[in-house]
Structure formats: C-alpha cells, structure tokens
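User: I am new to this structure and would like a close look at a single part of it. Please take one helix and its surroundings, and then go on to the pocket.

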Amino acid sequence: MKRLILLLAGAAAAVSLTAAAVAGPSFDAEGKIIIPENMDRWPTVGTTYALQYEGDGGTTLNTVRLDPDSYDTFVATGKFPVGAVLQLEVRRPVEEIAPAKGGKTQGAVVGRSLHVKDEKGGPGTWTFYGFAAGAKTGNAIPRSQACYSCHDQHAGAHDTVFMQFYPTLAEARERAAHTPATP
Ligand code: HEC
C-alpha cells in the first residue's frame, strides 16, 4: 500500500512538472477562493452581446477576462495552465448616452463569476466560483449545477472553456500550434 501511495505521488509530481502551472488563486481555510484583486486590469479575451443560453437571463453585455500569467502561458503554449482563472463579467446594456444615437454600451454590473483550473475535482478539472458584489471570497459552485453540464457538453473539447466565443485565444492557440517548441 505504501508503495502504491509513493507511486501515485510520483505520478502526480510528474504531471505537475509537465503541465505548465502558474501561481494561481489563493483559498482560505474553508476552501473559499480569495477573489483576485485588480481583475479589471486582466486581458479581455471575449465580449458577447445578448447571448441567450440560460433561459431568460435578460439581454446582457458580457466580458471574459483571463489572469495575466495564464494569458502569457496560453499565448506561448496554446494551453491553460493549472491555476488559470477566467472571469465572466455580466453587465446591463445601456442605450443612447450622448453622442450615441444608437447602439448599446456597458451599464451596471449584474454579476461576476470565476472559472478556475484548480484541479479540485481531479487532474485537469475546473471549478466555478460565485461571489457577491464587493465580496472578498467566493464559494465553489457544486458540481451538480448546470454550469458544469453545459460547459462540459458544449466546450468539453476545449478544457470546458467557451473558446468558440474567444477569438483572440483561438488565434493564439493556432499560432502556438505552428510555432516550433524551443528545445
Ligand atoms: C446552457 C449553457 C451554460 C450554462 C448552464 C452556464 N454557462 Fe457559463 N458560459 C456559457 C457560454 C455560452 C459562455 C460564453 C461567454 C458568454 O456567456 O458571454 C460561458 C462563459 C462562462 C465563463 C467565462 C469562462 C469560460 O469558461 O468560458 C464563466 C466564468 C462562466 N460561464 C460561469 C458560469 C457559471 C458560474 C454558471 C452556473 C451558475 C454557468 N456559467 C452556466 C454557457 C453556459
């Protein structure tokens, strides 16, 4: 048994050595995620308008951001490192703020959530975290929730991240795939 545990520990170490990892987010003693500061400075990887997928969520303007260390790793490798954090920010659209005569721009925040490659459900897994406005910590959303099934079903081929809506990442992954690996 002891030998098996050692073998497993060795395998885990080998995995974490080969998979690029970043420092990633911190967690408190209860396993709540500490909400990263300055998320508004993170690179934007996707914006969507009026995407309907969860029943009548209302018409929203969404922005998806990726933490800067993971962004750099993604550009270099085309892969999300362990520790990657994506933030979804949902805002109400507003209309006709002068001088605009049409179109829509970002209004108040409706909600934010995080998608984190924290491997808390096993190697390579991601966890969703929800948090109230201004909160310092966020709660893990249970794996039984629809967040996981929809992301698995429609984005399972891409690390459960909706790459089909994030062209800058898709382009970066394409470039990384055609860049010879440095020895
Ligand atoms: C029916 C499908 C569906 C469900 C259910 C769903 N999402 Fe998503 N999610 C999407 C789509 C599509 C996007 C693409 C970006 C957008 O919405 O603007 C997305 C993007 C995201 C992102 C940005 C990073 C990424 O992984 O692409 C986060 C964070 C996120 N969702 C959190 C959640 C949380 C939390 C829940 C559950 C409370 C949830 N989602 C439920 C479809 C879904």
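Analyst: Just after helix 2, glycine 78 has a positive phi of about 75°. The model is a predicted one, and this glycine is a convenient place to start reading back into the helix.

Helix 2 covers residues 68-77, and its buried residues are Ser70, Thr73 and Phe74. Viewed down the axis of helix 2, these buried residues fall within an arc of 100°, so they line one face of the helix. The face turned away from that buried side carries Asp72 and Ala76, which are exposed. On the inner side, the buried residues of helix 2 pack against strand 3, strand 4 and helix 4, the last of these being residues 167-177.

Strand 3 (61-66) and strand 4 (85-95) also belong to the surroundings of the largest pocket: each gives two or more residues to its lining, as do strand 5 (104-116) and helix 3. The largest share, six residues, comes from strand 5. This pocket has a volume of about 880 Å³. Its lining consists of 31 residues, and Tyr53, Glu54, Leu88, Ser113 and His151 lie nearest the centre. By type, the lining divides into 17 nonpolar, 12 polar and two charged residues.

One of the residues nearest the centre of the pocket, His151, lies in helix 3, which spans residues 146-155. His151 is also the only protein donor of the iron atom of the ligand, through NE2 at 2.2 Å.

How values were computed
Residues numbered from 1 in each chain as written. Predicted model: local features only at pLDDT ≥ 70, side-chain atom pairs only at ≥ 80, totals over all residues. Heavy atoms only, no water. Donors = N, O, S within 2.8 Å, 3.2 Å for Na, K, Ca; no water. Helix = DSSP H or I, 4+ residues; strand = E, 2+ residues; numbered from the N terminus. 1 Å grid on protein atoms, 1.4 Å probe; cavity = no way out; pocket = protein on both sides within 12 Å on 5 of 7 lines; lining within 4 Å. Points joined across faces, edges and corners; volume = space filled by probe spheres on them. Nonpolar A, V, L, I, M, F, W, Y, C, P; charged D, E, K, R; others polar. Buried < 20%, exposed > 50% of the residue type's maximum accessible area, 1.4 Å probe, protein only. Arc of directions from axis to C-beta. Contact = heavy atoms within 4.5 Å.
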